[in-house]
Amino acid sequence: MTSKPKKLQTSGEPNRGRTVKIKSKRFIGHPIRKAKPGERDNHPTPSNSHPNRDFSHPSSVLKKTEDNDSDLIYGRHPVLSALESQRELNRIWVTSRLRYDPRFHNLLLQAKEHGTVIDEVEPKRLDQITEGANHQGIAAQIAPYSYLELPDLIAKAKSVANDPVIVVAEGITDPHNLGAIIRTAEAIGAQGLVIPQRRAVGITSTVVKVAAGALENFAVARVVNLSRALEELKEAGFWIYGTAATGSEPIHTVRFSGPVVLVVGSEGEGLSMLTQRACDVLVSIPLQGKTPSLNASVAAGMALYEVYRQRSLNTLYLNKLQKPL
């Protein structure tokens, strides 16, 4: 007499991770991995799957790491800016049409004299190198970005402006946001940027691309301890203004004078409480619509414009006072 097979339980979790016998065949139930406190699941959930299913295999879109994105720039303006500033380039891929373009020809010859390898390639090869991006006929492999030490950044900022402005970006993880902040800050006239070493994006090729050449004329320092960096800036005579939605003064009511540091928070969480306590003044941009917050790069641009708007008005007022009656 044969024994009846055990009934498989289909609800609850007693059978998960245990060996179950069904009609003389063995299988092992798929174990559920419980996340540790504070741990996030970064794996994307396929659109055709149940939202609560747990996938143990990462998606193929995650194969591209930051290392792959850290040394390649492409597009005419970013590469032209790198060539004009004599930035160290390991290799350049360029189409024959662009290689003999008057804007590039002499600069490419100079780069070749300094050891850069120049490869004349077909557009299809550039498509492969840039993974289908809009390369505009040229791409370059750059040497790792050379960050300044904070004391050097402070000294450089004070050497070019009586009342310099330095931007501090805390926890910006989106390279597009960081590149936009750099582009705006350099265009308006700020003297440099400070970013933390951990939990924030560095200067990658995407940042260089979005900055559209601004990095060739804009210094960046990367620090281990952001709070200590803010204290060092205070000791150097800077006033620290942090952007925060709550517990802050409307930005148009704050008078920006002397050397200024503008601190911008991360995209989702804003400034940390530790950083807020290190600021001299917290400022906010009043919003009239239903949207609760602004993109980090947009907020930085609006705050920087207010700083320079006030300073331009002061300059015009002083010029009028100096005119003879």
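These legends describe close-up views of a predicted protein model. Residues are numbered from 1 along each chain as its sequence is written. In this predicted model, local features need pLDDT of at least 70, side-chain atom pairs count only at pLDDT 80 or more, and totals for chains, interfaces and linings use all residues, while side-chain values use heavy atoms, with hydrogens and water left out.

**View 1. The whole protein, with 10 helices and 13 strands.** Helices (H or I, at least four residues) and strands (E, at least two) are DSSP runs, numbered from the N terminus. Of the 325 residues in the protein, 42% are buried. Buried means under 20% relative accessible area, exposed over 50%, and partly exposed in between (1.4 Å probe, protein chains only). Of the contacts with a separation of 6 or more, 73% are between residues 24 or more positions apart; a contact means heavy atoms within 4.5 Å. The protein exposes about 20,500 Å², and carbon and sulfur atoms supply 50% of that area. Accessible areas come from the Shrake-Rupley method with a 1.4 Å probe, and for residues only the protein chains shown count as cover.

**View 2. An open sheet of 4 strands with mixed pairing.** The strand order is 3-6-4-5, where two strands pair if DSSP finds at least two bridges between them. Strand 3 (72–74) and strand 5 (117–120) stand at the edges, and each has a single partner strand, so one side of each is left without a neighbour in the sheet. From one strand to the next, the twist averages 15 degrees. Strand 4 (residues 89–94) and strand 5 run parallel and are joined by 4 bridges. Arginine 91 stands opposite valine 117 in strand 5.

**View 3. Helix 1 (residues 76–84) packed on the 4-strand sheet.** Helix 1 touches strand 3, strand 4 and strand 6 (138–142), and its direction makes about 115 degrees with that of strand 3. Axes are lines fitted to C-alpha atoms, for helices over the stretch in contact, and angles run from 0 to 180 degrees between N-to-C directions. The buried residues of helix 1 are Pro78, Val79, Leu80, Ser81, Ala82 and Leu83. Their cover includes strand 3, strand 4, helix 3 (105–113), strand 6 and helix 7. Just after helix 1, glutamine 86 takes a positive phi of about 55 degrees.

**View 4. Glutamine 141 in strand 6.** Glutamine 141 counts as partly exposed because its relative accessibility is 25%. The C-alpha atoms of glutamine 141 and aspartate 71 are separated by 5.4 Å, although these residues are 70 residues apart along the chain. Not counting residues up to four places away in sequence, glutamine 141 touches Asp71, Leu72, Leu89, Asn90, Arg91 and Trp93.

**View 5. Threonine 95 in the loop between strand 4 and helix 2 (96–99).** With a relative accessibility of 10%, threonine 95 counts as buried. Threonine 95 touches Glu120, Val121, Pro123, Leu126 and Gly137, not counting residues up to four places away in sequence.

**View 6. Two loop residues with positive phi, glutamine 136 and alanine 212.** Glutamine 136 is placed in the loop between helix 4 (123–129) and strand 6. Its phi is about 60 degrees, although glutamine 136 is not a glycine. Glutamine 136 counts as partly exposed, at 36% relative accessibility. Alanine 212 is found in the loop between helix 7 (205–211) and strand 9 (219–223), and the phi of alanine 212 is near 55 degrees.

**View 7. An open sheet of 7 strands with parallel pairing.** The order of the strands is 9-8-7-12-10-13-11. Strand 9 and strand 11 (249–250) stand at the edges with a single partner strand each, so one side of each is left without a neighbour in the sheet. Strand 8 (residues 192–196) pairs with strand 9 in the parallel sense over 5 bridges. Isoleucine 195 has arginine 222 in strand 9 as its bridge partner. Helix 5 (residues 150–160) packs on the sheet and touches strand 7 (165–169), strand 8 and strand 9. The direction of helix 5 makes about 150 degrees with that of strand 9.
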